[in-house]
Amino acid sequence: MKPRVLVTRHVYPAAIAILQEHCIVDYQDTYEVMDEARLGKRLQHADGVVCQLTDPLTAAVLQQAPKLKVVSQIAVGHDNIDVAAAHARGIVVTHTPGVLTEATADLTFALLLATARRLPSAERFLRSGEWRRWDVDLLCGSDVHGRTLGLCGFGRIGQAVAKRALGFGMRVLYSARSDAPADVADALQATRLPLDALLRESDFVSLHVPLRDETRHLIGVEQLCRMKRSAFLINTARGPVVDEAALVAALEEGLIAGAGLDVFEQEPQVHAGLLALPNVVLLPHVGSAVTSVRSLMCALAASDCAAVLSGEAPKHPLVVRR
Ligand code: NAP
């Protein structure tokens, strides 16, 4: 009998076509998000699941899925999945690294530029009909070219952002648990520093670490206090990497100059303090939101799910380094 696969939410059609070749597909073709109770129930007879970062694949949910062999996530981040619980049960977890790297790096740089040069404020100003004439100090922002960019996390996306920074004549610093390969650091002219030193020296701090226990609130009051008053924080990683309440306080007190955020602690809710601040650019988690990229991510997740259920090796199994 063909294996059964749950597709938890609306996906690009390529994914369904791939799965239908090998599996019986239980497709929840809506944008609705299932809570733990509904997801657990829906997984009772599933051999595989193609899921998204909105799906809470907790240990409790996985426990309700006795036949489950594979969890295929349409994202590179996987903080919504209890990977340790899955692995303990022999369930393969796959994700979609690489294919979204350049799109997310583009968005990170767009957000950095938009924040430094106050693009949303400038556009709102024009559309509101307030623009009367060119003034010497109208909507002036901060330099990007020649400034120092501190990358917290220097994996695929961090390095791709560094590549863009070189074109802007920026000095690139990074913090990570280990040195990048020498050829990579040389090519990107990137210097590794401890996080505290990076925070002190950077004009832009951009976050590219995965969300894990040790990176939750990596940027809190102490770290924000170490940053320059003229510096900007950019977050396209995961919301809980930043203590949002501490960030709001820092912005209100002028401890840093501004922030560009694509991700939030309680998505889709955004801290009211952030919404009230003019020096913050806020985006609804659109880091990899390019049609071709998202379509490919859906197809990759579906292929890996089908591969595991056909007894083959998946292309992107998750191996978590502790
Ligand atoms: P990656 O290649 O695995 O890079 C992650 C980097 O973080 C690695 O260099 C890793 O280095 C470092 N790291 C891990 N734990 C750390 C710690 N405690 N302190 C300092 N550095 C640490 O992942 P990626 O593909 O670049 O993606 C990064 C994250 O971006 C994803 O996990 C995801 O959450 C987020 N993302 C967001 C969007 C969006 O739409 N906004 C899109 C794509 C990805 P070591 O392991 O060597 O320390």
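**Exercise 1. What order do the strands of the open sheet of five strands have, and is the pairing parallel or antiparallel?**

Preliminaries. The model is predicted: local features need pLDDT of at least 70, side-chain atom pairs count only at pLDDT 80 or more, and totals for chains, interfaces and linings use all residues. Residues are numbered from 1 along each chain as its sequence is written, and side-chain values use heavy atoms, with hydrogens and water left out.

Step 1. The open sheet has the order 2-1-3-4-5, and its pairing is parallel. Strands are DSSP runs of E with at least two residues, helices are runs of H or I with at least four, and both are numbered from the N terminus. Two strands pair if DSSP finds at least two bridges between them.

Step 2. Strand 2 (24-27) and strand 5 (92-94) each have a single partner strand and stand at the edges, so one side of each is left without a neighbour in the sheet. From one strand to the next, the twist averages 15°.

Step 3. Strand 1 (residues 4-7) and strand 3 (residues 48-51) run parallel and are joined by three bridges. Here L6 stands opposite V49 in strand 3.

**Exercise 2. Determine which strands helix 1 and helix 13 lie across, and describe how the two helices pack.**

Step 1. Helix 1 lies across strand 1, strand 2 and strand 3, and runs at about 145° to strand 2. Helix 13 lies across strand 1, strand 3, strand 4 (70-73) and strand 5, at about 170° to strand 4. Axes are lines fitted to C-alpha atoms, for helices over the stretch in contact, and angles run from 0 to 180 degrees between N-to-C directions.

Step 2. The axes of helix 1 (residues 13-22) and helix 13 (residues 291-309) come within 8 Å and cross at roughly 15°. The two helices are therefore roughly parallel to each other (angles under 35 degrees count as roughly parallel, over 145 as roughly antiparallel, 65 to 115 as roughly perpendicular and the rest as oblique).

Step 3. In the contact (heavy atoms within 4.5 Å), A14, A15, I18, L19 and H22 of helix 1 meet C298, A299, A302, S303, C305 and A306 of helix 13. These residues comprise nine nonpolar, two polar and no charged.

**Exercise 3. Classify the packing of helix 5 against helix 7 and give the make-up of the contact.**

Step 1. Helix 5 (101-116) and helix 7 (156-167) pack at an angle of about 55°, with axes 9 Å apart. That makes helix 5 oblique to helix 7.

Step 2. T101, E102, T104, A105, D106, T108 and F109 in helix 5 meet R156, I157, A160, V161, K163, R164 and A165 in helix 7. By class, the contact has six nonpolar, three polar and five charged residues.

**Exercise 4. Characterise the pair F154 and Y174, then the backbone at P268 and R118.**

Step 1. The structure holds three aromatic pairs. In one of them, the ring centres of F154 and Y174 are 4.1 Å apart and the planes at 15°, so the pair is stacked (Phe, Tyr and Trp rings, with the six-membered ring of Trp, pair if their centres lie within 6.5 Å; planes under 30 degrees apart count as stacked, over 60 as edge-to-face and the rest as tilted).

Step 2. F154 lies in the loop between strand 6 (148-152) and helix 7, and Y174 in strand 7 (residues 171-175), 20 residues apart.

Step 3. The peptide bond from E267 to P268 is cis, with omega near 5°; P268 is found in the loop between strand 11 (258-261) and helix 12 (272-276).

Step 4. R118 is not a glycine, yet has a positive phi of about 55°.

Notes: Ala, Val, Leu, Ile, Met, Phe, Trp, Tyr, Cys and Pro count as nonpolar, Asp, Glu, Lys and Arg as charged, and the others, Gly among them, as polar.
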